Amino acid sequence: MNGNKVYTFTFKVSDPIDTDNSCAYTDLYKAEFWTSRACDKRTVVNAYINGIKVTPMWDARTGVWRVAQLSMNNVTAAGATVGLELDAASNCPTLRSLCNRMGGKCIYSLFNEKRDCCPVGENLYSLTSGYN
């Protein structure tokens, strides 16, 4: 990995507050991460779903990294992981620099396959550990 670091996010599943809501037990298709404007398509060299390498997608217009085809449900998502491998030589080699757009928080969105359930959340980068 040439000094690159992989930062992993773990999904935690909780019981829905409103079980009648159409999004209460929806699938998980895609995760998007809103990143610093300093980042570019060289920043994330690989993504991982449960440790399996997949190709991340970069949208230069919006500054968003996408990891699609998660193919999870409320059972299989519990404890599942998405990892982002950051290029050590890029403009955003750390999670702190990647997420430096909203005051040090990683802003993410999760989507179901129909894209009609799209919760947004944030995670302080200091709570997410990196490993080699």
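In this predicted model, Gln69 is placed in the loop that runs between strand S6 (64-67) and strand S7 (81-86). The backbone of Gln69 adopts a positive phi of about 55°, although the residue is not a glycine. With a relative accessibility of 59%, Gln69 counts as exposed. A second non-glycine residue with a positive phi is Arg115, for which the angle is about 60°. Arg115 belongs to the loop between strand S8 (105-111) and strand S9 (120-124), and its relative accessibility of 45% classes it as partly exposed.

The loop between S8 and S9 also contains Asn112. Asn112 has a relative accessibility of 2% and therefore counts as buried, the limit being 20%. A polar contact of 2.6 Å joins the side chain of Asn112 to the side chain of Asp116. When residues up to four places away in sequence are not counted, Asn112 touches Thr26, Asp27, Tyr29 and Cys117.

Strand S8, which precedes this loop, is mostly covered, five of its seven residues being buried. S8 pairs with strand S2 (residues 30-34) in the antiparallel sense, over five bridges. Within this pairing, Glu32 has Ser109 of S8 as its bridge partner. Lys30 lies over the face of Phe111, at 4.5 Å from the ring centre.

Strand S6 contributes Val67, a buried residue with a relative accessible area of 1%. Apart from neighbours within four places in sequence, Val67 is in contact with Tyr29, Lys30, Ala31, Ala47, Ile49, Val54, Val82 and Leu84. Lys30 thus appears both among the contacts of Val67 and over the ring face of Phe111, while Tyr29 is listed both for Val67 and for Asn112. The C-alpha atoms of Val67 and Leu110 are separated by 9.8 Å, the two residues being 43 residues apart along the chain.

Two aromatic pairs were identified in the model. In one of them, the rings of Phe9 and Phe33 have their centres 5.1 Å apart and their planes at 35°; the pair is therefore tilted. Since Phe9 lies in strand S1 (residues 5-10) and Phe33 in strand S2, this pair ties together parts that are 24 residues apart in sequence. Phe9 is buried, with a relative accessible area of 11%, and Phe33 is likewise buried, with a value of 5%. The rings of Trp58 and Trp65 also form a tilted pair, with centres 5.0 Å apart and planes at 40°. The members of this pair fall into separate accessibility classes: Trp58 is partly exposed, with a relative accessible area of 23%, whereas Trp65 is buried, with a relative accessible area of 2%.

Trp65 is also one of the residues touched by Thr43. Thr43 is located in the loop between S2 and strand S3 (44-49) and, at 0% relative accessibility, counts as buried. Its contacts, not counting residues up to four places away in sequence, are Trp65, Glu85, Leu86, Asp87, Ser90, Cys92 and Leu98.

Among these contacts, Cys92 takes part in the one disulfide that the structure holds. The bond links Cys39 to Cys92, with their sulfur atoms 2.1 Å apart. The torsion about the S-S bond is about -105°, so the disulfide is left-handed. Cys39 lies in the loop between S2 and S3 and Cys92 in the loop between S7 and helix H1 (95-98); the pair therefore ties together parts that are 53 residues apart in sequence. Both cysteines are buried: Cys39 has a relative accessible area of 5%, and Cys92 has a relative accessible area of 0%. The loop between S2 and S3 accordingly holds Cys39, which is joined to the loop between S7 and H1 by the disulfide, as well as Thr43, whose contacts include Cys92.

Note on methods
Residues are numbered from 1 along each chain as its sequence is written. This is a predicted model: local features need pLDDT of at least 70, side-chain atom pairs count only at pLDDT 80 or more; totals for chains, interfaces and linings use all residues. Side-chain values use heavy atoms; hydrogens and water are left out. Helices (H or I, at least four residues) and strands (E, at least two) are DSSP runs, numbered from the N terminus. Buried means under 20% relative accessible area, exposed over 50%, partly exposed in between (1.4 Å probe, protein chains only). Two strands pair if DSSP finds at least two bridges between them. Contact means heavy atoms within 4.5 Å. Rings of Phe, Tyr and Trp (its six-membered ring) pair if their centres lie within 6.5 Å; planes under 30 degrees apart count as stacked, over 60 as edge-to-face and the rest as tilted. A charge sits over a ring if NZ of Lys or CZ of Arg is within 6 Å of the ring centre and within 35 degrees of the ring normal. A disulfide is a pair of cysteine sulfur atoms within 2.5 Å. A polar contact is a pair of N or O atoms within 3.5 Å; within protein, one must be able to donate a hydrogen and the other to accept it, and residues adjacent in sequence count only if both atoms are side-chain atoms.
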